[in-house]
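I opened my notebook for a fresh look at this one. Below are my entries in the order I made them.

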Amino acid sequence: MSNTVLIGLQWGDEGKGKIIDVLTEKAEIVVRFQGGDNAGHTVEVGSDKFVLHLIPSGILHQGTLCVIGNGVVLNPHSLIKEMNGLKAKGIDCTGRLQISSRAHLLFQYHCLLDGLSESKLGEGKIGTTKRGIGPAYMDKVGRSGVRAVELCHPETLEKYFRLNSAKCNEILKAHGQPEMDVDAEWLKLREAAAELAPYVADTALGINRAIRENKRILFEGAQGTWLDVDFGTYPFVTSSNTTSGGACIGSGVAPSRIQKVVGVAKAYSTRVGSGPFPTELECAIGERLRKIGREFGATTGRPRRCGWFDAVATRYAVMLNGADALAITKMDVLDDFDTLNICTAYEIDGRRVTDMPSDPAEFARAKPVYEEMPGWKADTSRTSSWADLPPKAQAYLARLAELIESKIEIISVGPNRSQTFFVD
Ligand code: GDP
Ligand code: IMO
Ligand code: MG
């Protein structure tokens, strides 16, 4: 495997964690390059289930180095909780996890500001995970952020933490909200910093050295293309670049060092939080997809909105990411449907449109134009090759690939690591 970026082609939760876990077998280093603990990446191995939020899903393979890149916003307490959870299941991060010294830290005040901003937006809220992601990236680009290197310098960490906390408390006070107990938060942070400091490193240097030694690197995207801050359905997006280009900026690796982009898509669509979603099924079929697909957020537990596969949006996503290979997940969820719909165009203000509009207001008015395909009405969850799949399932997949102009390389037919196969 060459150096590969893996990203979500839809609105997140495509099953990226599971596919990363499978591809890690051929990688020496796995790097998270954006987002924070808003991500929830699920991997099921045997009867064990792991949900990773900040730590790359590659951690489940012994001998793989996992890197939290500079593009990530890192909540130290969440990371420690996650490391402890893994330890309880026999996975020790010592010596296997590195944190970029340039990654920005995410503190309690970012979470409080996220909550405040959402409550002020009322009906127009973004539906964030309330993990402080937007405020942390605002501090980063506003040049008032605090970076992971400060975990190694408690005096400066305290200085900046207190300064920013005071600003946050002024805002909370002005909005009649309870203020943060800065002393108590600092004591917790001081302890967390001491625990995490040994993991801080110049990871850009380390990854590039590894590339020179022909080690294989896997870049693990979080969220999905339509949550990208530039290309997503703004403002109903997250605050980072979730598309493949983000891997370079968020890890310090040049585009010339990356050979492959794998795009992950579900065989249907889901979205959590607010924002336009033309193929959403607010009816019994949507309920059925949610129930069979167990479509509840891995981070917040919120029910995911469900709908048919959107080939218009996904083709655009393939283009933006340069996804030359596809992993299609959750095929088994469609096993029992008589017919399936694929959205092949939108109708917007009486016009037929076959490209994703760049104006989100237009996208919000888009009505899906569907092509109907027969369901296969057979159990795919035990299949292990393309030839095993029912012919109607093959036809559905072949049509998806044709419409979105890419090539299927991986198929997932169940949540378990073992329920995955490659297509030759
Ligand atoms: P991620 O955020 O992209 O890593 O995806 P999540 O972990 O948030 O959500 C994907 C969910 O679908 C998880 O519960 C996975 O265990 C599950 N999953 C992944 N692939 C499959 C599949 O092929 N079939 C089924 N039934 N579940 C899957
Ligand atoms: P993974 O990596 C699905 C959504 C939130 C909200 C918007 C902004 O598991 O695919 P934020 O907290 O980032 O400011 O919220 O983005 N969102 C996700 N949706 N999967 C995710 O991550 C998400 N991370 C954020 O629901 O609509
Ligand atoms: Mg998820």
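**A buried aspartate**

I started with D21, which is buried, with a relative accessible area of 0%. A reminder to myself: this is a predicted model, so I am reading computed values throughout. I placed D21 in helix α1. Next I asked which residues D21 is in contact with, leaving aside its neighbours within four places in sequence. My list reads V43, S57, L60, H61 and R417.

**The sheet under α1**

From D21 I moved out to the sheet. I noted 10 strands in an open sheet with mixed pairing, and I wrote the order down as β9-β7-β5-β2-β10-β1-β11-β15-β19-β20. The edge strands are β9 and β20 (residues 420-422), each of which pairs on one side only. Helix α1 (residues 16-23) packs on this sheet. I found α1 touching β1, β2, β10, β11 (260-266), β15 (325-329), β19 (408-412) and β20. The direction of α1 makes about 160 degrees with that of β1.

**Strand β10**

I then looked at β10 and its two partners. Strand β1 (residues 4-8) runs parallel to β10, and 3 bridges join them. In that pairing T4 stands opposite L218. Strand β2 (residues 29-32) also pairs with β10 in the parallel sense, over 4 bridges. There I marked V31 as standing opposite F219.

Are the faces of β10 covered or open? Both are covered: in this strand (residues 217-220), I217 and F219 are buried on one side, and L218 and E220 are buried on the other. I jotted the background beside that entry: in a regular strand the side chains alternate between the two faces of the sheet.

**The magnesium ion**

What are the protein donors of the magnesium ion, ligand 3? I found D13 (OD) and G40 (O), lying 2.0 to 2.2 Å from the ion. D13 lies in the loop between β1 and α1 and G40 in the loop between β2 and β3 (41-45), so the pair ties together parts that are 27 residues apart in sequence. I also checked G40 for exposure: its relative accessibility is 11%, and because the cut-off for buried is under 20%, G40 counts as buried.

**Helix α6**

On to helix α6 (residues 182-196). Its 15 residues reach 20 Å from the first C-alpha to the last, close to the 21 Å expected at 1.5 Å a residue. I listed its buried residues as V182, E185, W186, L189, A192, A193 and L196. Why do they fall on the same side of α6? They cover an arc of only 130 degrees around the axis, so they share one side of the helix. My margin note: an α-helix has 3.6 residues a turn, so residues three or four places apart point the same way.

The face of α6 turned away from that buried side carries the exposed residues E191 and A194. I then looked up what the buried residues of α6 pack against, and wrote down α2 (76-88), β7 (97-100), α3 (108-121), α5 (154-174) and β9 (200-201).

**Helix α9**

I gave helix α9 (residues 284-292) a similar look. Its buried residues are G286, L289 and R290. They cover an arc of only 100 degrees around the axis, which puts them on the same side of α9. The face of α9 turned away from its buried side carries the exposed residues A284 and K291. For packing, I noted β13 (305-307) against the buried residues of α9. Just after α9, I caught R294 with a positive phi of about 45 degrees.

**Backbone oddities**

That sent me looking at other backbone angles. For context, most residues other than glycine have a negative phi, and most peptide bonds are trans.

- Q223 is not a glycine, yet it has a positive phi of about 60 degrees. I placed Q223 in the loop between β10 and α8, and at 8% relative accessibility Q223 counts as buried.
- P235 is found in the loop between β10 and α8 (246-249). A cis peptide bond joins Y234 and P235, with omega about 5 degrees.
- K377, a residue other than glycine, has a positive phi near 50 degrees. I found K377 in the loop between β18 (367-374) and α12 (391-404). At 46% relative accessibility, K377 counts as partly exposed.

Notes:
Residues are numbered from 1 along each chain as its sequence is written. Chains are lettered from A and ligands numbered from 1 in the order in which they are written. This is a predicted model: local features need pLDDT of at least 70, side-chain atom pairs count only at pLDDT 80 or more; totals for chains, interfaces and linings use all residues. Side-chain values use heavy atoms; hydrogens and water are left out. Buried means under 20% relative accessible area, exposed over 50%, partly exposed in between (1.4 Å probe, protein chains only). Helices (H or I, at least four residues) and strands (E, at least two) are DSSP runs, numbered from the N terminus. Two strands pair if DSSP finds at least two bridges between them. The expected span of a helix is 1.5 Å times one less than its number of residues. The arc is that of the directions from the helix axis to the C-beta atoms. Contact means heavy atoms within 4.5 Å. Axes are lines fitted to C-alpha atoms, for helices over the stretch in contact, and angles run from 0 to 180 degrees between N-to-C directions. Donors are N, O and S atoms within 2.8 Å of the metal (3.2 Å for Na, K and Ca); water is not among the atoms, so sites may look incomplete.
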